[in-house]
Amino acid sequence: MVIFGGLVLFILLGWGGQQGEAAGFPKSFEVASFGAARNEYPNLMGVYLKTGLPFTKYPVYRHTSQKAYLYVNSLDDWVVNVELNLVEASLYADTQVNSDLPPSSGWQYFDGSWKSDTSLSVTEYDGQDFCIWTDWFDRDDPGWTEDYEVFDNETQALDGFSGFPGCNFKQIEMRVVGTTAIYTTEAGVLAGNGDIVHITNAGMYCKWTDCGGCPANGEQPDGTCFDYEVRFCCLI
């Protein structure tokens with residue numbers, strides 16, 4: 001992060017929140033780079049969705065899965081930062097002449113000083129399958145027969161879990177509780193830790209036997225499953 005200027009009292013005047021100008025702005029933008037900016041700030045890359053957060057007269061966009069924002073600062077520059085701050089930023093570009101939209105090129109990133117990355121861009125996101133990531137959920141523990149990380153109305157009615165009702169998701173991510181390795185496919189889990197899991201339209205499960213006390217190991221070579229948690233990228 002870097003501070004743009006010295007005294008900040010004068011730049012705080014007149015910045016009392018959005019004043020209706022946000023209506024004509026696109027719904028979302030994508031921040032992308034395949035160069036040094038991505039290496040320095042990988043968590044800032046991705047899709048930003050327009051919010052109703054009051055900050056300046058321009059709209060504030062928030063990253064769909066990270067704590068990061070795309071917005072206009074007190075110097076009328078478009079910036080990207082991990083918090084809303086009038087004078088600090090990690091990425092910035094001068095506001096375009098004759099346009100209030102974020103410029104698609106001309107962006108710089110901060111690494112001790114402002115540096116250029118010609119591959120760094122901010123463009124309107126027009127993906128047809130736009131989705132937003134949920135929090136991580138662990139509704140079940142490996143117990144009688146399986147670890148059942150499924151989220152739908154039927155499951156809610158059975159066990160009373162109300163943390164998440166389920167959604168029509170584009171992607172699922174799975175990991176063993178307490179670890180950082182993330183899996184997105186059944187094959188990935190099998191290659192990663194040896195568990196045989198099943199992904200459904202409501203979540204995933206790992207099953208090792210059909211009944212409590214059965215002598216057979218069922219699907220799992222070692223007769224048990226890890227404790228999983230999952231998150232979903234829900235279509236909007």
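Good morning. Let me begin with a definition: two residues are in contact when heavy atoms of theirs lie within 4.5 Å. With that in mind, consider the chain shown above, which is a predicted model. Among its contacts between residues at least 6 apart in sequence, 57% join residues at least 24 apart.

I turn to the overall composition. The chain has three helices and 17 strands. Of its 236 residues, 42% count as buried. The accessible surface of the chain comes to about 12200 Å², and carbon and sulfur atoms account for 51% of that area.

How are the strands of the open sheet ordered? There are nine of them, and the order is β10-β9-β8-β6-β5-β4-β3-β2-β11, with antiparallel pairing. At the edges stand β10, residues 114-116, and β11, residues 121-124; each has a single partner strand, so one side of each is left without a neighbour in the sheet. On average, neighbouring strands of this sheet are turned by 25° against each other, direction ignored.

Let us look at one pair within the sheet. Strand β5, residues 69-72, runs antiparallel to strand β6, residues 77-81, and four bridges join the two. If you wish to locate this pairing on the structure, find Y69, which stands opposite N81 in β6.

A second antiparallel pair can be found further along the chain. Strand β15, residues 197-200, pairs with strand β16, residues 203-207, over four bridges. Here H198 stands opposite Y205 in β16. These two strands form a hairpin, with two residues between them.

Next, the nonpolar cores. Which residues have the most contacts inside the largest nonpolar core? They are V31, L44, Y48, L70, V80, L91 and W107, in a core of 22 residues. Several strands contribute to this core: β2 (28-32), β5, β6, β8 (91-94) and β9 (108-110) each supply at least two of its residues.

V31 deserves a moment of its own. Leaving aside residues up to four places away in sequence, V31 touches L44, M45, G46, Y48, V80, L91, L120, S121 and V122. Of these partners, L44, Y48, V80 and L91 are also listed with V31 among the residues with the most contacts inside the core.

Apart from the largest core lies another, of 18 residues. Its members include F137, M204, F232 and C234. M204 falls within the range of strand β16, residues 203-207, the strand we met in the hairpin.

Thank you for your attention.

How values were computed. Residues numbered from 1 in each chain as written. Predicted model: local features only at pLDDT ≥ 70, side-chain atom pairs only at ≥ 80, totals over all residues. Heavy atoms only, no water. Pairing = 2+ DSSP bridges. Axes fitted to C-alpha atoms, helices over the stretch in contact; angles between N-to-C directions. Buried < 20%, exposed > 50% of the residue type's maximum accessible area, 1.4 Å probe, protein only. Areas by Shrake-Rupley, 256 points an atom, 1.4 Å probe, with all protein chains shown as cover. Core = buried A, V, L, I, M, F, W, Y, C linked by side-chain atoms within 4.5 Å.
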